[in-house]
Amino acid sequence: MKITGVLSLVLALSTLSAAGADAPHWTYEGKAGPEHWSQLTHDYHICHEGKAQSPINIKDAIEGHLPPLNLHYLISAEKVINNGHTIQVTVDDEDTFVLDGEKFILKQYHFHTPSENQINGHTFPLEAHFVHSKDDGDLAVVAVMFEVGKENPALVPLIASMPADENQQKKIESEVDLRALFPQDLHYYRFSGSLTTPPCTEGIRWLVLKQPVTLSQAQLDAFKQALKSTNNRPLQHLNGRMIVQ
């Protein structure tokens, strides 16, 4: 599926005006919350009418003998942004992985607390979404779950640069080892889904890693303090989609 305009949306999230000057204001609660997204503008109608929406509860996966996930991530990061919806990190265009014989380039990654997806009904305290794009605009999201435990060293420079207020960005002064944000075991679930924020565009290739990584309670508290509220979209119906492992 060719996703016209989605790449520009993803790249726009790297700016302080994540939704665009003319887009309606949306939130995670209240009158502009998820149950009302499709009512804010016709451009968001898929948020209600779509049949392959994300996030989901991942369960009853079928065995598909998925190929290994080969990530080629370097030690780098550019800016960390608090856009009012999430904490997001922009990167250069040197981090890639190959999926279905096609090269995807990492554009940005961001965080949701608590997790948006569930695994067998379990909600995690934090979920990271690594958003990748092909040259034609097709998107793939690799999701990593976090549990509270040992401090995660890869999050230390991100949290140190994390803006405390909305609509701010800061340069990350220290290197970030992206591979350290992933578990050693890269087995994953795969399904077709959507963006979890307006316009909820479908046709996104989702890969959710089975094994979580850890962060400390203090690190989790730092995300919560910066976000000031939860930023997870409610679970969506599977509608007959297959989850492969």
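**Cores, strands and charged pairs**

Trainee: Which residues is F146 in contact with, leaving aside its neighbours within four places in sequence?

Mentor: The model we are reading is predicted, and a contact here needs heavy atoms within 4.5 Å. With neighbours up to four places away in sequence set aside, F146 is in contact with F111, F124, P125, L126, E127, A128, N152, L155, L181, V213, T214 and L215.

Trainee: Which residues touch the most other members of the largest nonpolar core?

Mentor: That core holds 39 residues. At least two of its residues come from each of β4 (87-90), β5 (96-99), β6 (102-112), β8 (126-133), β9 (139-148), β12, β13 (213-215) and α5 (217-227). Another core, of 16 residues, lies apart from it, with I56, I119, A143 and F191 among them. Within the largest core, the residues that touch the most other members are Y109, F130, F146 and F182.

Trainee: How many of the 11 residues of β6 are buried?

Mentor: Consider what β6 pairs with: β4 runs antiparallel to β6 and is joined to it by 4 bridges, β5 also pairs with β6 in the antiparallel sense over 4 bridges, and β8 is joined to β6, again antiparallel, by 7 bridges. The strand is largely enclosed by the rest of the structure, because the number of its residues that are buried is 9 of the 11.

Trainee: Which residue in β8 is the bridge partner of I105?

Mentor: Individual pairs help to place β6 among the other strands, since Q88 stands opposite H110 in β6, while T96 stands opposite I105 in β6. I105 also has a bridge partner in β8, and that residue is S133.

Trainee: Is L71 buried or exposed?

Mentor: L71 lies in strand β2 (residues 71-72), and, apart from neighbours within four places in sequence, its contacts are T96, F97, F182 and L186. Being under 20% is what counts as buried. The relative accessible area of L71 is 14%, so L71 is buried.

Trainee: Which backbone oxygen does the side chain of T86 reach?

Mentor: T86 sits in the loop between β3 (79-82) and β4, yet its relative accessible area is 6%, so T86 counts as buried. Not counting residues up to four places away in sequence, T86 touches I81, H110, F111, L227 and N231. The backbone oxygen that its side chain reaches, at 2.6 Å, is that of F111.

Trainee: How far from buried E202 is the nearest side chain of opposite charge?

Mentor: E202, in strand β12 (residues 202-209), has polar partners in the backbone: its side chain reaches the nitrogen of K51 at 2.9 Å, and the backbone nitrogen of A52 lies 2.8 Å from a polar atom of that side chain. A salt bridge requires the nitrogen and the carboxyl oxygen to be within 4 Å. E202 has none, although it is buried, and the nearest side chain of opposite charge, R241, lies at a distance of 6.7 Å.

Trainee: How far apart are the closest N and O atoms of D100 and R190?

Mentor: D100 belongs to the hairpin of β5 and β6, with 2 residues between the strands, where it takes a positive phi near 55°. At 46% relative accessible area, D100 is partly exposed. Its salt bridge with R190 has its closest N and O atoms separated by 2.7 Å. This pair links distant parts of the chain, D100 being in the loop between β5 and β6 and R190 in strand β11 (residues 188-194), and their separation along the sequence is 90 residues.

Trainee: Which residues are linked in the network of salt bridges?

Mentor: D138 forms one salt bridge with K134 (3.7 Å, N to O) and another with R205, whose closest N and O atoms are 3.5 Å apart. The latter pair joins distant parts of the chain, from the loop between β8 and β9 to strand β12, 67 residues apart. D138 and R205 are both buried, and K134 counts as buried because its relative accessibility is 11%. The network as a whole links D100, E102, K134, D136, D138, R190 and R205.

Trainee: Which backbone nitrogen lies 3.0 Å from a polar atom of the side chain of D136?

Mentor: D136 is found in the loop between β8 and β9, and a relative accessible area of 32% makes it partly exposed. The backbone nitrogen lying 3.0 Å from a polar atom of its side chain is that of D138.

Note on methods: Residues are numbered from 1 along each chain as its sequence is written. This is a predicted model: local features need pLDDT of at least 70, side-chain atom pairs count only at pLDDT 80 or more; totals for chains, interfaces and linings use all residues. Side-chain values use heavy atoms; hydrogens and water are left out. Buried means under 20% relative accessible area, exposed over 50%, partly exposed in between (1.4 Å probe, protein chains only). Lys and Arg count as positive and Asp and Glu as negative; His and the chain ends are not counted. A polar contact is a pair of N or O atoms within 3.5 Å; within protein, one must be able to donate a hydrogen and the other to accept it, and residues adjacent in sequence count only if both atoms are side-chain atoms. A nonpolar core is a set of buried Ala, Val, Leu, Ile, Met, Phe, Trp, Tyr and Cys residues joined through side-chain atoms within 4.5 Å. Two strands pair if DSSP finds at least two bridges between them.
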